[in-house]
Structure formats: structure tokens, C-alpha cells
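The following note sets out points for a colleague who is examining the coordinates. Please read each point alongside the structure shown here.

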Amino acid sequence: MRTRRYFHSTVTLLFCLSLPALGGTQELLVGGPDDERKSGTYLQAGIAHGQGELFSPNSLTQWDVALFGTDYDFVSGKLEFESYFSDTFLQLSGFSVVYRKDGLRRAEWGHMFSGSLFRDFDVKLFAVKVGAGVEWGLPSLNFDQTEFAFADDGIVRYRHTYMRRNADIPFLGTATDGVVYPFVEVSIVQRPWFLLFEIGIRVGSTRFNFDDFEVDPTDQLSQEFHHQRILVPYLFADVGIRLF
Amino acid sequence: MSSARLLVWVPLILLVSSCSSDRTLSPISPSDVLSDASLAGDVLEQWSPYVGIHLTGEALDAYRDAVLTLRAAGQLDGVRVELGRSLSPSDPTYRAISGTGVELLGVISNEHLFLPNIEQEIDRIFWAFPEIRHFQIGNEVTTILPSTGPTLTIEQYMTIFLRIYDHVQSRHPGRAILLTQSTVGSGFQGPTELEAMANLGLTRVDPNHVIIAINMYDLDYAGQFVGLLGGQLRRFRLWVTESGTRDQSRHMTWVRDEYPRLRNLSLIKTPSLFPDYWKSPLFELLTATR
């Protein structure tokens, strides 16, 4: 089942990648002088894929391009409004607002909203887009893991690894149920006709807690806590249409 | 990996809640449920040998037989039992269960919490059940008490809990580890109630002597606990005291799919409720001769 899901995701990703080539070259100009940019606001839909190893604090920064077979991974769906200015403004080319659903089978978590500013650079066949922003929401529980170790003398040790909650989702549950963190994004964009195709990578910089517990047979408890900022990458592919 | 199975309490409440005493536990030979080696392997790997039992139910013989059968199969290390006011330490079913040598978690039932001298009652319970080291103070106190009788708010509960905690630390130091009441197992009420308990004084108790308990039937809401466990209650251990499903056809996949998720949330022990356990493929698998 999982293999088939990955297959579909991969096919979709490859399809999105191939569309720009079929659609012709990057259309930056709209009836104006050569240095005028193509403005517009797009509605985009896409998929994203994130994966990593949580138990090794450095593993997310040493991301393996091999998409399959890691401990934590999920496919996300996303919806995005992206607006391109007609001229660069304060060195910026536009902004975007995104809703992303991590882990499509669970309704109660993995709802992430983000806003970002970006700058794109025309390289003729496509544009390279670099952006940064802030993401906020209820993170996926796929980031939570606990590793146990049982000693022969009855001592149990375990490490709980989880994304630190540092924000509130108003009108919902507890006061510390959300996260907010910055991210950067690099992508390749093609905007032929009224369409938009984009593939790229978004890397969030999130703080993870690593809580170590040791419980001996008499229930004596030892704890050691530490935290580390970890880079969490997502690959994504979007298709959009120009609204206005 | 077998040692990993030791950690998650999995409830016999779930295994036995709707058992009736007129049914008998008959041996079940391995059948097609064991033919799926992959599923069976996954379930056995994820199984947690801790279960919950309603001693006040009507299926005491079945409970006793189930415990003995699971124990003989090496699939049971601990049992959660409810210590109702009418339960005698010489109760034959209780004695049969405790006599197997399993680790016991005693639930001091909600009815005790209305006694004016709860400290005296704690003294009595500690004396009557010397073999029990872990005591849970009430269960779902704001949700399962009948509206026709006395009820408790979470503020009233925390006042009582802190009285018991202070009494145990002063009069019985080192005698027992207390578990909080388990919050309700689905929706937002459980997490928000635990948050209220933290604000009402839970954070002042020593985590060496208190374990937080929750019931967890709907893991979609489990994420609401993570902020608390990583914040105000970070120093505490957490036990899931009930989990599971009544649907027999989902017992196996519940263990395979949901227990790992409970463990990943650092929810260490989970008792719960599997009715008609002797018909459950899960019970069949656990007690099959291998």
C-alpha cells in the first residue's frame, strides 16, 4: 500500500516536472518592454514529501535523497495563493500564502499555514525562486518518536523526541498545541500562458526536544533534557492557474 | 525487540469488559488468524503485556481464566484492577490474579473520593493491599460519574488528589507511586482537563512519586498532549491506562498500528477494554501455543 502511494506521488512529481518543458519557455513578458515582469496571482495545488530520522539529531540536516525507507516520512497536500508583483518591490518579487496538510489520513493534526516573501530570478527557461517565511499550525505527530532500552537489571531508559510546541492554536484544545518556526524555500518556476508549475524544497528550522528518562525497578526516576534546532526539509511540486 | 513489548500496558479491560459469567473460556486452536504470519508477527512485536480488569464486573471467572491463560502464554506482566469499596483483599478472583505474580496497578475507585476522611481510607487500602505499589486515584472523574449521584469538578478532584499526595508523602514515604485520574480518552476534553490539573497544582508534586495517567481511545487528539508533556509536565512519566476498540475485527490492527503511535508519544503503559476476548483474534493469537 505504501509502495503504491509512493509510486503515485513519484509519478505526479515527474508529471509536474515534465509539464514546463511541454508548455514552452518561461513567459516573463506580458505585452510590455523586455524588462517588465509578468505579474499575477495564482491558485496552486500541490504535493509535498517530507522524511527524516528523528533519533539521530543530525539526520535531518544530512537528508538522503533516497526518498524511501527512512523512519519518518509523509506525503502532504497543499493549497497556495501566490502573487507576483509587476515590478520588484524592496528586492522582492511577490508573496505567497500556503495551507499544507501533512499526513493525509489524519484529520486532527498536520495542519500548517505559512506566509512567505520571495524573489525570483529569470534564467530564461525557467525562474529560480528564493523565499523565506514563517510556518504555523498543528504539526504532524509523525515527528514524535520514543526509543526504549531495557537493561537486564530492570532499568528502563527511553528517549522521547518531539517538536517543541511554542504557539497556541486559538479556540482549540490546550494553550501549547501549536508550533511556529521560520523556513526558507528554493524552487524552480515555470509560468507559461495562464499556468504555473513549480518544484522545489522548503526547509523549516524547528526546535526539537530530546527528553531522556531512566526508571529503575524501585521507580527512581532520572531525567535529562536537551533540545536542538533541526532542519526539516520538504520536497514539493505545484501546479497553478492564474486567477487575475 | 521482545523487551519493547514489556512497556506498554495493554488492557484487559479491553479484553474483558463485556464478559459474562455464564460463558466459559474454552481453548481455541490456532486457526486462520495465525495464518497471516506477517500480521501475527507485527502484533506480537507490538503487544504490551499489561491489561485492565473490571473486578466489579460480572465476568470474574472469565477474567481469572483470561489472566491465567495470558500469563501462561507469557503475554501478561501487569494488570490494572479497580479497588472498589466493596472489594475484599480476600476476593477469590483478586487473589487468583494477584497470585499469578503479575504487577498490579490499583485504581482507587471514584466512590472513595467522596469520603470525608480520604486519608484514613488510603491508610486502609494500603494496609489491605500490601502487594500493590502503584495506585491510581480515580478514573475519568468528570465524565463517568452518573449525573444522578454526586459528581466532581476537576478543581474538587485536584484538591482531593493533593490531599492524598501530601498524606502519602508524610505518612507512607516510599510506600506507593500515585497515578492521577485518567482523563477522558477522546476529544479535546482530556487534554484541556490535564492542562487544568497542571494549573491546579499538579506541577508542584514530585515526579518521582506521581505518574500522569490518560485514557486514549482516539489518537487523533493525542497531539494535544504533546505541548503539555513538553512544557509544564515535562518532568513526569505518562501511562496510558486505557486504549483499544470494542470491535473484535480491529483488535489485531489496533495493536499493530496504534500501539507504536502510543509509544512514540512516550505513553508507556496502556490498559484497556476488549470485550468477548475469547472470541477475539488477538486473544487467539496471544494464547496460541507456539
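1. The model is predicted. In helix H6(B), the buried residues are Ile154(B), Tyr157(B), Met158(B), Phe161(B), Ile164(B), Tyr165(B) and Val168(B). These residues span an arc of only 125° around the axis, and therefore they lie on the same side of H6(B). The general background is that an α-helix has 3.6 residues a turn, so residues three or four places apart point the same way.

2. The face of H6(B) turned away from the buried side holds exposed residues, namely Glu155(B), Asp166(B), Ser170(B) and Arg171(B). As to length, H6(B) runs over residues 154-171 and has 18 residues. From first C-alpha to last, H6(B) reaches 25 Å, close to the 26 Å expected at 1.5 Å a residue.

3. Which elements cover the buried residues of H6(B)? The cover includes three strands of chain B, E4 (134-137), E5 (177-179) and E6 (210-216). It also includes two helices of chain B, H5 (118-128) and H7 (189-199).

4. The pairing of H5(B) with H6(B) can be described further. Their axes come within 10 Å and cross at roughly 55°. The two helices are therefore oblique to each other, the roughly perpendicular class being reserved for angles of 65 to 115 degrees. On the H5(B) side, the contact is made by Ile118(B), Glu119(B) and Ile122(B). On the H6(B) side, it is made by Ile160(B), Arg163(B), Ile164(B), His167(B) and Val168(B). Of these, Ile164(B) and Val168(B) are also listed among the buried residues of H6(B). The crossing of H5(B) past H6(B) is right-handed.

5. Helix H7(B) has its own set of buried residues: Gly190(B), Pro191(B), Glu193(B), Leu194(B), Glu195(B) and Met197(B). Two glutamates, Glu193(B) and Glu195(B), are thus in the buried set. The elements covering these residues include H6, E6 and H8 of chain B. Just after H7(B), Gly201(B) takes a positive phi of about 125°.

6. Ala198(B) also belongs to helix H7 of chain B. Is Ala198(B) buried or partly exposed? Ala198(B) has 19 C-beta neighbours inside 10 Å, and the threshold for a buried residue is 20 or more, so Ala198(B) counts as partly exposed. Leaving aside residues up to four places away in sequence, Ala198(B) touches Thr203(B), Leu228(B), Gln232(B) and Leu233(B). One of these pairs, Ala198(B) with Leu233(B), is separated by 35 residues in sequence, and the C-alpha atoms of the two are 7.2 Å apart.

7. For chain B as a whole, the secondary structure consists of ten helices and seven strands. The chain has 290 residues, of which 51% count as buried. Of the contacts in chain B with a separation of 6 or more, 87% are between residues 24 or more positions apart.

8. Chain A has one helix and ten strands, and along the sequence these follow the pattern α-β-β-β-β-β-β-β-β-β-β. Of its 244 residues, 35% are buried. Contacts between residues at least 24 apart make up 61% of those in chain A that join residues at least 6 apart in sequence.

9. The backbone of chain A calls for a closer look at two residues. Most residues other than glycine have a negative phi, and most peptide bonds are trans. Leu90(A) is not a glycine, yet its phi is positive, at about 55°. Leu90(A) sits in the loop between strand E2 (72-89) and strand E3 (92-102) of chain A. It is exposed, with 7 other C-beta atoms within 10 Å.

10. Phe171(A) likewise has a positive phi, near 65°, in a residue other than glycine. Its position is in the loop between strand E7 (156-163) and strand E8 (179-190) of chain A. Only 5 other C-beta atoms lie within 10 Å of Phe171(A), and a residue with 12 or fewer is classed as exposed, so Phe171(A) is exposed.

11. The contact between the two chains involves 28 residues of chain B and 30 residues of chain A. On the side of chain B that touches chain A, H7, helix H8 (223-229) and helix H9 (251-264) of chain B each supply at least two residues. Which helix gives the most to this side of chain B? It is H8(B), with five residues.

Notes: Residues numbered from 1 in each chain as written. Chains lettered and ligands numbered in written order. Predicted model: local features only at pLDDT ≥ 70, side-chain atom pairs only at ≥ 80, totals over all residues. Helix = DSSP H or I, 4+ residues; strand = E, 2+ residues; numbered from the N terminus. Expected span 1.5 Å × (residues − 1). Arc of directions from axis to C-beta. Contact = placed C-beta atoms within 7 Å. Axes fitted to C-alpha atoms, helices over the stretch in contact; angles between N-to-C directions. Parallel < 35°, antiparallel > 145°, perpendicular 65-115°, else oblique. Left-handed = near helix turned anticlockwise from the far one by under 90°.
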